[in-house]
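Hi,

Here is the structure I promised to pass on. Have a look at it first, and then read my notes below.

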Amino acid sequence: MYPALQQEIETFEKRTPKSRTAHQKAMPRLPLGVASNFRIYDPYPIFVAEGSGSRLRDLDGNEYIDFNMCFGALMAGHCHPAVVRAVEERLHTGTMFGMPHALEYELAEEICQRFPVEQVRFGNSGTEVTMHAIRVARGYTGRDRIIKFEGCYHGVHDSVMVSVKPKADKWGDPKAPNKVPSSAGVPALTVENTLVAPFNDLEAVERLFQQYPNQVAAVILEPIPMNVGILMPEDGFLQGLRALCTKYGALYIFDEIKTGAKLSYGGACEYFDVKPDIVCLAKSIGGGFPLAAFAASKKIMDVIAQHKVFHAGTYNTNPLVMAAGIATFRHVLTRDNYKHIQRLSDRLVDGHDRILKDAGLTAYCIGAGANGALMLYPKPLRNYRDWTEIDIDLWKHYWFAMVNRGVLPQAHWWDEQWTIAVVHSDADVDRHLEVFADVAPQLAAAQHERSAAAVT
Ligand SMILES: Cc1ncc(COP(=O)(O)O)c(C=O)c1O
């Protein structure tokens, strides 16, 4: 670790002693002291006291402008009044029935108005709905294998815990990557059924279809992989996959857990004008509540109606979450709010570009809808393997330096991105840029020193 990074981490430790104590207290009772592996980082994670609007406060009373927004699940911001009101109204009229109620149709209708789908089933997390989407595809096609992309994340069920962040020594051929389990406990037979392709490489995908004729049930992908920063699909890639799925009789699954709400009014389907067979939604559609959905044509969803594929869940469509979802669709994910977010996003990205140039920092900034990221890489990423070349220490320097100055620029980890929420203001963007302008010259100096040291 180089001295300037060390110094920022020391400052972080001075500012956040109560987080350290809370983490130490949690360690004996929770593995790693946290409830989800993404939440742990060195020296210890920030423990939150409360959030409101665009702000977050930690246990020590430090305030942050929050651009993490719960890993992108909060385009509504914290405690959006319309969502809070809707949930409060439902709180006293029954929170769980395990029986049908009228809000289910209402929210399904909202989704079918925006996405090219006819029927919806609901769940509680992204993991759950990508799992069901894949099962529906397998049931519909009668095939077992799926194709996923190296570096794409679709949650934590077995079929997709393959080649999420494989280590370089396991990669294999860049045109035909190995299938690498991403966790112990994923059965080898399951891994066998998950074929892995490099992103932005249609030929590699077609080769897999040819290698496994009539065996591939679905191609699943994040239309913009956002678990490697932001990785844009090249022109024609998403359309090419559509054509390949049609040609080889597989279903095309868009995992829009991150893009569904945050890319545009109609998600990636609208943004790229592509019609997948199944769309998976979660995170920001719930306005801060655990709402998820998978949706498709009636013809595909008939495998559920015909009792061929089983889908169920005690917590599905509980009225609190459905009320939150309906309020989010009607009051948060509005055309006007997308305009507001796009304007702020353009300001933030342009501002970063300007600062990067002035500071002489080799990096680029990229925005896509409400999402954006500083990519410490010299040119646009083309695939997962490019992303692994990001300078991790430099990224940590960026993150701790921003956090120490009151801006939480994104979740900790260089595979994430920022989220602009409907509650962010021009003043929030101004402050984000002001802080980055302060930090960027230090990053540039560290980058130059490190590359000079690498040469000698
Ligand atoms: C693209 C994508 N799919 C699926 C998931 C899993 O969602 P959840 O954490 O709600 O299970 C995530 C979570 O980050 C995601 O980014």
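Before the strands, one bit of vocabulary: I call two strands paired if DSSP finds at least two bridges between them. Keep in mind too that this is a predicted model.

With that in hand, take the open sheet of four strands, which has the order E1-E2-E3-E15 and mixed pairing. Its edge strands are E1 (48-52) and E15 (407-408), each pairing on one side only. E1 and E2 (residues 55-58) run antiparallel and are joined by four bridges. One detail you can look up on screen: serine 52 has arginine 55, in E2, as its bridge partner.

Now the overall layout. The domain assignment splits the protein into domain 1 (3-75 + 334-455) and domain 2 (81-332). Going by C-alpha atoms, the centres of the two domains are 27 Å apart. Domain 1 puts 28 residues into the contact and domain 2 puts in 27. On the domain 1 side, the elements giving two or more residues are helix H14 (335-359), strands E13 (364-368) and E14 (371-375), and helix H15 (384-387). That side of domain 1 is made up of 15 nonpolar, nine polar and four charged residues.

H14 deserves a closer look. Its end C-alpha atoms are 36 Å apart, which agrees with the 36 Å that its 25 residues should span at 1.5 Å a residue. Which of its residues are buried? They are Tyr338, Ile341, Leu344, Ser345, Leu348, His352 and Ile355. Their cover includes E13, E14 and helix H17 (426-455). Right after H14 comes glycine 360, with a positive phi of about 70°.

The other helix I'd point you to is H6 (residues 126-141). From first C-alpha to last, its 16 residues reach 23 Å, close to the 22 Å expected at 1.5 Å a residue. H6 is mostly covered, with 14 of its 16 residues buried. Glycine 142 follows H6, and its phi is positive, near 70°.

H6 also brings us to the ligand, since you'll probably want to start there. Which element gives the most to the shell around the ligand? H6 does, with three residues. There are 14 residues around the ligand, and those that come nearest are Ser125, Gly126, Thr127, Gly155 and Ile257. By class, the shell has four nonpolar, seven polar and three charged residues.

Cheers

Conventions. Residues numbered from 1 in each chain as written. Predicted model: local features only at pLDDT ≥ 70, side-chain atom pairs only at ≥ 80, totals over all residues. Domains from an automatic or database assignment. Contact = placed C-beta atoms within 7 Å. Nonpolar A, V, L, I, M, F, W, Y, C, P; charged D, E, K, R; others polar. Expected span 1.5 Å × (residues − 1). Buried ≥ 20, exposed ≤ 12 C-beta atoms within 10 Å, placed from the backbone. Near = placed C-beta within 6 Å.
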